[in-house]
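User: Please take a close look at the metal site in this model. Then work outward to the side-chain pairs and the backbone around the rest of the chain.

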Amino acid sequence: MRVSGPDLAPLVRAVCGPLPAPRTVRLSRLRDDAGVFDEGLLTWMPGPASYTGEDVAEISCHGNPLIVERLLDALVARGARPAHPGEFTRRAFLNGRMDLTRAEAVLQAIAATSPAGLAIARAGLDGRIAAQADTLRDTLVDLAAELEAVLDYPGEDLLVAGDAALAARLDAVAEDAARAVASHRAGRVAVEGAKVALIGPVNAGKSSLFNALLGRDRALVSPVAGTTRDVVESVLALPTARVVLYDTAGERAGTPPEGGIDPIEAAGLALGARMVAEVDLLLLVLPGHRPLDEGGSALLERTAGRPRLVVVTHADLPRRLVLPADVEDVHVVAVPTGEGVDALRDALPAALRGEDPGEAAVIVASQRQRDAYARLGENAAAAAAALRDGGGPAVAVERVYEALTALDGLVGRDTREAVLDRLFARFCIGK
Ligand SMILES: Nc1nc2c(ncn2[C@@H]2O[C@H](COP(=O)(O)OP(=O)(O)OP(=O)(O)O)[C@@H](O)[C@H]2O)c(=O)[nH]1
Ligand SMILES: [Mg+2]
């Protein structure tokens, strides 16, 4: 049980007895009005040198929910209240113990679904994003000062650096921002994981491939067209991303079978279509031993604008499928021999990441941070354009101020309550 607040000592003493020296542990008898109910370890961390910046006590009692409940009741009876989700980290932020990028990194460290996601959270906690924001801020403040000087004394040749040099410095800011924005897909996939769906015509070999990628027989496979009716999902844990793989009901080409499509199959298809709209990557599975039919062509067209890999199955049989020349990212597999399956699995992380953000770069895993970088980049680029195209220093300086506002938002200077509410609501209680 973790308790935080100003002047916490009397409350903790009333429940746990005497306090240990700051940042040490003491064996304590836990009591309420009815008497001693357990024995546990008390750690005492008086503010401001604590996680929240307030007095913090941590009490380790025995794990029986009845004891935990009683400890909670005892603390509440003395004036404490249960914390809201993320409230400890929110207080740490409000008390200046960490900036907003580090607070988000705490959330990522708790929620990361892959080793790569944990590494991104670690970099965030170490302040990599905050440090880049500081550097960019210094640059923008310098630029604003130089532009203001030009505006104040227009007659004098005060522009030390010259318009072109100022514009080049703004370009560099815009490039850093663009790189951070581009890293968001990789960051999100590493931290939150990704959804990948197998789609395609009936009998194409989707369920066979699903099982082969997973390395176990999870979905039913049969020569009967329309075997898969429900969406079947399973987790494929890769080092760089936790992938949730979905197998879906196959689509039938041409005229529906006699008596119309079975309502259960139709419902399965509708479910698949809804789910497919949300995934990060599609594996469009086409049978290599059959010519491309109307259904296959329609699927190729329908998915052309989305992140996808095209998988040609039945490579152990003579090839009769001819793909249009403009179809890219084609993988060929034969499930009975295993040909191409490992290569396809290995290709998933790169296909999910989009552009590789590289080693040293800032990797942004939060949508909020991505948006802040996007606004920073837009305004830095517009300021540079104003200096180049004769918009003038007055226009440029306004854009530089907008860029600074975006940076302030990134680290949480002057951030509005509503933004904080949304951010910390995603934490679990007790963090
Ligand atoms: N020779 C060969 N047969 C395959 C291959 N992949 C799948 N099959 C066979 O093709 C048939 C259909 O495979 P499924 O995996 O059930 O196909 P599906 O796309 O899931 O079919 P629906 O669920 O009906 O849409 C089965 O008899 C499989 O054994 C392959 O690469 N080579
Ligand atoms: Mg199937």
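Analyst: What follows starts at the metal and then moves outward.

The model is predicted. The metal is a magnesium ion, ligand 2. Two side chains coordinate the ion: Ser207 through OG and Thr228 through OG1. The distances run from 2.0 to 2.1 Å. Where do serine 207 and threonine 228 lie? Serine 207 sits in helix 9, residues 206-214. Threonine 228 sits in the loop between helix 9 and strand 6, residues 232-238. The two residues are 21 apart in sequence, so the pair ties together separate parts. Water is not among the atoms, so the site may look incomplete.

Are these two residues buried or exposed? Serine 207 has a relative accessible area of 7%. That is under 20%, so serine 207 counts as buried. Threonine 228 comes out at 12%. Threonine 228 is therefore buried as well, by the cut-off of 20%.

Before helix 9 comes a loop that starts from strand 5, residues 194-199. Asparagine 203 is in this loop. Its phi is near 65°, a positive value in a residue other than glycine. Asparagine 203 is partly exposed, with a relative accessible area of 30%.

Helix 8 spans residues 184-192. Its buried residues are His184, Ala186, Gly187, Val189, Ala190 and Val191. Glycine 193 comes just after this helix. Glycine 193 has a positive phi of about 90°.

Now threonine 303. This residue lies in the loop between helix 11, residues 294-302, and strand 9, residues 308-313. Its relative accessibility is 6%, which counts as buried. What does threonine 303 touch? Leaving aside residues up to four places away in sequence, the contacts are Ile199, Leu282, Leu284 and Arg308. There is also a polar pairing with leucine 299. The backbone oxygen of leucine 299 lies 2.8 Å from a polar atom of the threonine 303 side chain.

Next, the charged pairs. How many salt bridges does the structure hold? The count is 20. One of them joins arginine 70 and aspartate 32, at 2.7 Å from N to O. Arginine 70 is in helix 2, residues 65-77, and aspartate 32 is in strand 2. The pair links distant parts of the chain, 38 residues apart. Arginine 70 is partly exposed, at 32% relative accessible area.

Glutamate 54 and arginine 91 form another salt bridge, with N and O 3.0 Å apart. Glutamate 54 lies in the loop between strand 3, residues 35-45, and strand 4, residues 55-60. Arginine 91 lies in helix 3, residues 87-94. Here 37 residues separate the partners, so this pair too links distant parts of the chain. Glutamate 54 is buried at 15%. Arginine 91 is partly exposed at 23%.

A further salt bridge joins aspartate 99 and arginine 102. Their closest N and O atoms are 2.6 Å apart. Aspartate 99 is buried, with 13% relative accessibility. Arginine 102 is partly exposed, with 27%. Which residues are joined into one network by salt bridges that share partners? They are Glu54, Arg81, Glu87 and Arg91. Glutamate 54 and arginine 91, the pair described above, thus both belong to this network.

The loop that holds glutamate 54 runs between strand 3 and strand 4. Proline 48 lies in that loop. The peptide bond leading from glycine 47 to proline 48 is cis. Its omega is near 5°.

Aspartate 7 sits in the loop between strand 1, residues 2-5, and helix 1, residues 9-16. Its phi is positive, near 50°, in a residue other than glycine. Is aspartate 7 buried or exposed? Its relative accessibility is 68%, over the 50% cut-off, so aspartate 7 counts as exposed.

Last, a nonpolar patch on the surface. Val25, Leu27 and Leu41 make up this patch. Its area is about 280 Å². Valine 25 belongs to strand 2, residues 25-32. At 52% relative accessibility, valine 25 counts as exposed.

Definitions and conventions. Residues are numbered from 1 along each chain as its sequence is written. Chains are lettered from A and ligands numbered from 1 in the order in which they are written. This is a predicted model: local features need pLDDT of at least 70, side-chain atom pairs count only at pLDDT 80 or more; totals for chains, interfaces and linings use all residues. Side-chain values use heavy atoms; hydrogens and water are left out. Donors are N, O and S atoms within 2.8 Å of the metal (3.2 Å for Na, K and Ca); water is not among the atoms, so sites may look incomplete. Helices (H or I, at least four residues) and strands (E, at least two) are DSSP runs, numbered from the N terminus. Buried means under 20% relative accessible area, exposed over 50%, partly exposed in between (1.4 Å probe, protein chains only). A polar contact is a pair of N or O atoms within 3.5 Å; within protein, one must be able to donate a hydrogen and the other to accept it, and residues adjacent in sequence count only if both atoms are side-chain atoms. Contact means heavy atoms within 4.5 Å. Patches are made of residues with over 30% relative accessible area and no salt bridge: like charges are joined within 9 Å, nonpolar side chains (Val, Leu, Ile, Met, Phe, Trp, Tyr) within 5 Å. Accessible areas come from the Shrake-Rupley method with a 1.4 Å probe; for residues, only the protein chains shown count as cover. A salt bridge is a side-chain nitrogen of Lys or Arg within 4 Å of a carboxyl oxygen of Asp or Glu.
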